[in-house]
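Biologist: Mind walking me through this one? I'd like to go over one residue and then one pair of helices.

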Amino acid sequence: MNRSDRRVISREYFSDDRLAEHHFRSFNNFLMRGMQEVVDEKATIDTDIGDKEGQEPVYVELGDIRILTPRVREADGSEELLYPQEARLRNITYAAPVFMEMSIIRGGEEEPETVVDSTETKVGRMPIMVGSEKCNITGFNDQELIEIGEDPVDPGGYFIVNGSERVLMTSEDLAPNKILAEYDTKYGDEIQVAKTFSQRRGYRALVLCERNRSGLLEVSFPSVSGSVDFITLVRALGLESDEEIVHRVSDDPEIVKFMLENLEEADVQTQEEAIEKLGKRVASGQGKNYQLKRANYVIDRYLLPHLHEDGVEEEDVRINKAFYLCRMAEACFELALKRRESDDKDHYANKRLKVSGDLMKDLFRTALNKLARDVKYQLERANMRNRNLTVNTVVRSDVLTERLEHPIATGNWVGGRSGVSQLVDRTDYMGVLSHLRRLRSPLSRSQPHFEARDLHATQWGRICPSETPEGPNCGLVKNFAQAMELSQNIEDEQSLKRELASMGVEGIPGVNRTTPADD
Amino acid sequence: MSTTRHTCPECDSLVRKQNRESVCTQCGLIIAEDNLDRGPEWRSFDDDASDPKRTGAPLTPTRHDRGLSTRIGRSRSTSPRRRRRMARLRQQHRRSQTRTKRERNQRNAFIDIRQHISALSLPKVVHETACKLFRQAQNAELLQGRSIEGFTAACVYAACRMVSISRTKTEVVGHTKATDNEFDAAFKALNRELDIALGPPAPAEFIPRYASQLGLSAATESRAHEFAIDCRERGISNGKNPSGVAAACLYTAALELSDEITQKDAASVADVSPVTVRNTYSALQS
């Protein structure tokens with residue numbers, strides 16, 4: 001390619017609408033699908049009404065969510081469209097009203113379920129990214145933009161909260177749902193660990209599988225203090241026979257040898273025994289029935305949550321969890337046998353970027369939970385005082401608004417992260433562009449982390465090799481390369497899986513049933 | 001300390017406030033000195049994990065304890081046993097916060113008022129005024145035999161009228177758990193006992209809201225305002241429902257500027273019958 005052609009492409013990459021494109025794509029995605037997904041995850045708000053004798057249970061069903069474009073409600077009660085410049089000048093928030101369909105449903109115990117009240121109600125206001133699909137200035141030409149006081153070359157991609165422009169920092173996290181094998185030291189010995197950050201619907205659980213110094217495999221996951229024997233756990237998940245366990249880990253003779261050592265040490269043989277043993281760990285000192293119940297709950301709730309999927313049976317999920325643990329075990333053994341090197345955490349294949357839409361989704365999820373708790377409380381109180389239950393009188397829209405605006409205004413995000421939103425750097429035009437394309441590593445800047453700060457070969461074409469601050473943040477704060485393309489998660493995993501199945505992939509959960517025994 | 005003076009006592013020229021001193025711009029006389037430096041604090045907390053906050057939020061009349069509450073926080077790094085203990089403490093603490101039935105009622109009422117305020121999207125002033133009214137009503141023992149729901153609704157309604165951003169009764173009651181009768185009983189008691197001296201709301205207060213609901217132009221809205229003033233001067237609005245008068249003003253203005261609305265539309269946003277609109281309309285025309 002000759003130089004002038006290259007220049008054309010280069011210029012295209014630096015055109016106005018490309019500069020903050022990752023923000024728009026991510027946020028539009030959140031507006032169009034993400035919000036509804038969060039609502040669908042929640043689906044209902046259950047109440048304690050009906051716990052008492054002779055009372056019918058009441059719950060709220062959440063339906064479709066709808067969002068308008070930003071508007072302002074004046075003190076005199078009138079409502080008008082709001083443009084970004086007005087929001088900046090009047091120190092108000094550039095936010096759009098959000099409506100949700102809600103139905104209060106009573107009954108189900110003795111009487112049939114009846115809808116008490118069903119309306120679409122305003123649940124709050126969502127701050128809107130300037131330039132996104134729901135922004136009032138999208139589709140305006142330069143002249144129209146100038147007329148409403150906007151700068152036609154302003155890239156957008158930020159929010160306006162209480163008049164100040166706030167950009168959400170892209171954060172660079174370790175890829176979830178991936179096995180990372182590495183060395184660790186425990187009591188002075190080197191051990192091998194396989195780690196997975198399992199993530200599903202905002203819940204994140206770290207699962208560790210380590211091979212201790214006597215060669216035994218142990219698994220630790222949230223809600224269980226300490227660790228559980230690998231063999232006990234896979235047996236509890238339904239992978240019972242010695243032969244099957246070994247076969248599922250590896251066919252390599254040396255790994256088989258390691259596995260046999262583990263099996264010799266195993267003190268449970270059947271699934272029932274394994275669940276019993278697990279129950280003693282998670283609820284020691286409790287009654288036996290409770291122990292079993294708790295053990296099953298822990299397995300389904302806290303162990304590798306990312307393997308759960310709608311439309312896949314519990315039994316299949318469990319066996320998949322067992323297979324997954326076997327993969328982790330294999331990674332440990334391979335590392336011990338020097339068949340592979342430890343995974344590189346700084347490799348860009350092991351990184352995922354959280355852009356504004358993902359961050360807003362986290363925020364919206366907790367805000368909706370808070371709203372649900374408030375609705376539950378209001379319903380219970382209205383019921384106790386024998387009032388009619390109506391949607392409009394139990395929804396308090398400032399709950400959601402507050403929960404959405406406050407983190408953007410202060411930068412204190414859910415999950416204890418701070419500095420997520422920053423005041424847009426308006427020192428000059430280049431400052432804005434650079435700020436919108438900046439990304440931050442969650443690692444602490446007060447610790448050395450030399451490897452994390454180093455330029456990694458896989459950053460080629462993705463991250464600018466030279467633009468990073470001097471001082472404590474050096475190498476932790478980075479900037480996108482000019483021609484960086486950010487790929488997005490697929491919309492519908494089911495269709496991807498069906499596609500893969502049609503191409504001949506076998507044993508995909510939810511598409512075709514796994515048949516663990518016959519191979 | 002005479003910080004309120006605007007001229008210099010020596011030379012009678014302008015006084016300017018600089019950070020903590022009031023200085024004469026002409027002769028440089030320092031008239032007053034404020035010992036508090038109100039400027040920003042030049043300390044950095046960026047690398048410090050400790051919380052730099054030294055005060056809480058200001059007192060607010062919108063909470064039963066005026067915002068001076070103590071809460072027992074949560075921590076992830078406590079043992080399950082300690083966590084259970086803290087949960088029990090939290091429960092006891094919550095129970096001890098409302099000692100009497102009156103305090104509990106006030107707390108619940110304030111939660112309701114907050115809900116009404118957010119449902120009607122009213123500003124903070126109304127919120128505070130409504131809460132103050134409720135407190136007054138409680139101190140005057142007005143609540144005996146009347147419903148709390150009625151009172152919260154009536155307080156919000158009265159507060160709106162006090163700060164001249166009136167809402168109609170139907171609007172307020174529609175967003176609350178109160179019934180019409182409860183509302184009437186409570187509002188009558190408030191009006192009679194608390195001596196809040198509310199005049200009838202001016203029709204002009206309703207105009208911007210109805211105009212935006214009907215999607216009318218700014219020109220129509222300002223013309224309607226003129227009609228509203230005209231109504232008051234000519235005494236047309238005397239004894240009429242102000243909301244209906246506002247609707248009639250808007251309708252008349254819309255006709256004049258050929259914005260298309262019907263009497264029925266105007267009447268429905270104002271929650272009156274088309275006849276009311278028609279009557280005021282013909283009075284305006286004459």
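Modeller: Here are a few questions and answers on this predicted model.

Biologist: Is Asp173(A) buried or exposed?

Modeller: Asp173(A) sits in strand E9, residues 170–174 of chain A. Its relative accessible area comes to 15%. The cut-off for buried is under 20%, so Asp173(A) counts as buried.

Biologist: Which side chain does the side chain of Asp173(A) make a polar contact with?

Modeller: Let's start with what it touches. Leaving out residues up to four places away in sequence, Asp173(A) touches Asn350(A), Lys351(A), Arg352(A), Lys354(A) and Pro442(A). The polar contact of its side chain, at 3.5 Å, is with the side chain of Ser171(A).

Biologist: How far apart are the C-alpha atoms of Asp173(A) and Thr427(A)?

Modeller: Along the chain, these two are 254 residues apart. In space, their C-alpha atoms are separated by 29 Å.

Biologist: On to the helices. Are H3(A) and H12(A) roughly parallel or roughly antiparallel?

Modeller: H3 covers residues 21–42 and H12 residues 356–384 of chain A, and their axes are 8 Å apart. The angle between them is about 30 degrees. Angles under 35 degrees count as roughly parallel, so H3(A) and H12(A) are roughly parallel.

Biologist: How do the residues of that contact divide into nonpolar, polar and charged?

Modeller: The H3(A) side includes Phe27(A), Phe30(A) and Glu37(A), while Phe364(A), Arg365(A) and Leu368(A) are among those from H12(A). Across the contact of H3(A) with H12(A), the split is nine nonpolar, six polar and six charged.

Terms used:
Residues are numbered from 1 along each chain as its sequence is written. Chains are lettered from A and ligands numbered from 1 in the order in which they are written. This is a predicted model: local features need pLDDT of at least 70, side-chain atom pairs count only at pLDDT 80 or more; totals for chains, interfaces and linings use all residues. Side-chain values use heavy atoms; hydrogens and water are left out. Helices (H or I, at least four residues) and strands (E, at least two) are DSSP runs, numbered from the N terminus. Buried means under 20% relative accessible area, exposed over 50%, partly exposed in between (1.4 Å probe, protein chains only). Contact means heavy atoms within 4.5 Å. A polar contact is a pair of N or O atoms within 3.5 Å; within protein, one must be able to donate a hydrogen and the other to accept it, and residues adjacent in sequence count only if both atoms are side-chain atoms. Axes are lines fitted to C-alpha atoms, for helices over the stretch in contact, and angles run from 0 to 180 degrees between N-to-C directions. Angles under 35 degrees count as roughly parallel, over 145 as roughly antiparallel, 65 to 115 as roughly perpendicular and the rest as oblique. Ala, Val, Leu, Ile, Met, Phe, Trp, Tyr, Cys and Pro count as nonpolar, Asp, Glu, Lys and Arg as charged, and the others, Gly among them, as polar.
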